[in-house]
Amino acid sequence: PIWAPGGGLAVLAGGAALRLFPARPAHGEAEAMAEPSDHVIIGNLPADFTDEALKTNFEAYGTIKWFRLNNASQGQKSALIEFSSVEEATWLVENLDGNIPLGLEAEVSVKYKPAKGGGKGGGGGGGMMRPSP
């Protein structure tokens, strides 16, 4: 598809019509829409990633108040983590998104959790909230 501000229909020379889709946000803009918070979503985790591995790998970056590790979808897991401060969560979003954290072998995505009603809904499922010891 062709992406353009506002989308719409363009008529090309010769009378051919071309459908233009609303512009996608530039890389990083979509993430900027979510307000900074102490909750982050970490995606692209290995399918065999465990609660213990989450604590081992991510406690190095901040104090985890609680987390939920979601079941694998398309061969990968995701996690919702609440850190003890917005500053800790912000550091992860700014420094780990698109990078390989210590102890892992592939890039992860790190985004702020969207405010209630701001997400795309559904999906993920599974897992339970587990307070960090």
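User: Before we get into helix H3, what does "buried" mean here?
Analyst: A residue is buried if its relative accessible area is under 20%. Keep in mind that this is a predicted model.

User: OK, which residues of H3 are buried?
Analyst: H3 covers residues 86–96, and its buried residues are Glu88, Ala89, Thr90, Leu92, Val93 and Leu96.

User: And what covers them?
Analyst: The cover includes three strands, namely S4 (39–46), S6 (76–83) and S7 (109–112), along with helix H2 (51–58).

User: What follows H3?
Analyst: Gly98 does, and its phi is positive, near 80°.

User: Let me zoom out. How many helices and strands are there in the protein?
Analyst: Three helices and eight strands. Going from the N terminus, the order is β-β-β-α-β-α-β-β-α-β-β.

User: How much of the protein is buried?
Analyst: Of its 133 residues, 32% are buried. The accessible surface is about 8300 Å², with carbon and sulfur atoms holding 55% of that.

User: What share of the contacts comes from residues 24 or more positions apart?
Analyst: Counting contacts with a separation of 6 or more, 57% are between residues at least 24 positions apart.

User: Now the core. How many residues does the largest nonpolar one have?
Analyst: It has 23 residues, and the ones with the most contacts inside it are Val40, Ile42, Leu45, Leu54, Phe58 and Ile81. The elements giving two or more residues to this core are S4, H2, strand S5 (64–73), S6, H3 and S7. H3 makes the largest contribution, with four residues.

User: Why would side chains like that be buried together?
Analyst: In soluble globular proteins, nonpolar side chains tend to be buried together.

User: Pick Leu54. What does it touch?
Analyst: Leaving out residues up to four places away in sequence, Leu54 touches Phe49, Glu59, Ile64, Phe67, Leu69, Ala79 and Ile81.

User: What about Asn57, is it buried or exposed?
Analyst: Asn57 is in helix H2, and it counts as buried because its relative accessibility is 11%. Beyond residues up to four places away in sequence, Asn57 touches Phe49, Leu102, Gly103 and Leu104.

User: Switching to charges. How many salt bridges are there?
Analyst: The count comes to three.

User: Start with Lys55. Which residue does its side chain meet in a salt bridge?
Analyst: Glu52, at 3.8 Å from N to O. Both sit in helix H2, three residues apart, about one turn of the helix. Lys55 counts as buried because its relative accessible area is 16%.

User: And which residue does Glu82 pair with?
Analyst: Glu82 forms a salt bridge with Lys65, and their closest N and O atoms are 3.5 Å apart. This pair links distant parts of the chain, with Glu82 in strand S6 and Lys65 in strand S5, 17 residues apart. Glu82 is buried, at 11% relative accessible area, whereas Lys65 is partly exposed at 44%.

User: That leaves Lys111. What's its partner?
Analyst: Asp97, with the N to O distance at 2.7 Å. Lys111 lies in strand S7 and Asp97 in the loop between H3 and S7, so the salt bridge ties together parts that are 14 residues apart in sequence. Lys111 is partly exposed, with a relative accessible area of 22%, and Asp97 is partly exposed too, at 24%.

User: Asp38 caught my eye. Which side chain of opposite charge is nearest to it?
Analyst: Lys65, which is 4.8 Å away. Since a salt bridge needs the nitrogen within 4 Å of a carboxyl oxygen, Asp38 has none, although it is buried.

User: Which side chain does the Asp38 side chain make a polar contact with?
Analyst: The side chain of His39, at 2.7 Å. Asp38 itself is in the loop between H1 and S4. Not counting residues up to four places away in sequence, it touches Ile81, Glu82, Phe83, Ser85, Val86 and Ala89.

User: Last one, Ala34. Where does it lie?
Analyst: Ala34 lies in the loop between helix H1 (29–33) and S4, and it is buried at 15% relative accessible area. Apart from neighbours within four places in sequence, Ala34 is in contact with Tyr112 and Pro114.

User: How far apart are Ala34 and Pro114?
Analyst: They are 80 residues apart in sequence, but 5.2 Å apart in space, C-alpha to C-alpha.

How values were computed
Residues numbered from 1 in each chain as written. Predicted model: local features only at pLDDT ≥ 70, side-chain atom pairs only at ≥ 80, totals over all residues. Heavy atoms only, no water. Buried < 20%, exposed > 50% of the residue type's maximum accessible area, 1.4 Å probe, protein only. Contact = heavy atoms within 4.5 Å. Areas by Shrake-Rupley, 256 points an atom, 1.4 Å probe, with all protein chains shown as cover. Lys, Arg positive; Asp, Glu negative; His and termini not counted. Polar contact = N/O pair within 3.5 Å; in protein donor to acceptor, adjacent residues only side chain to side chain. Core = buried A, V, L, I, M, F, W, Y, C linked by side-chain atoms within 4.5 Å.
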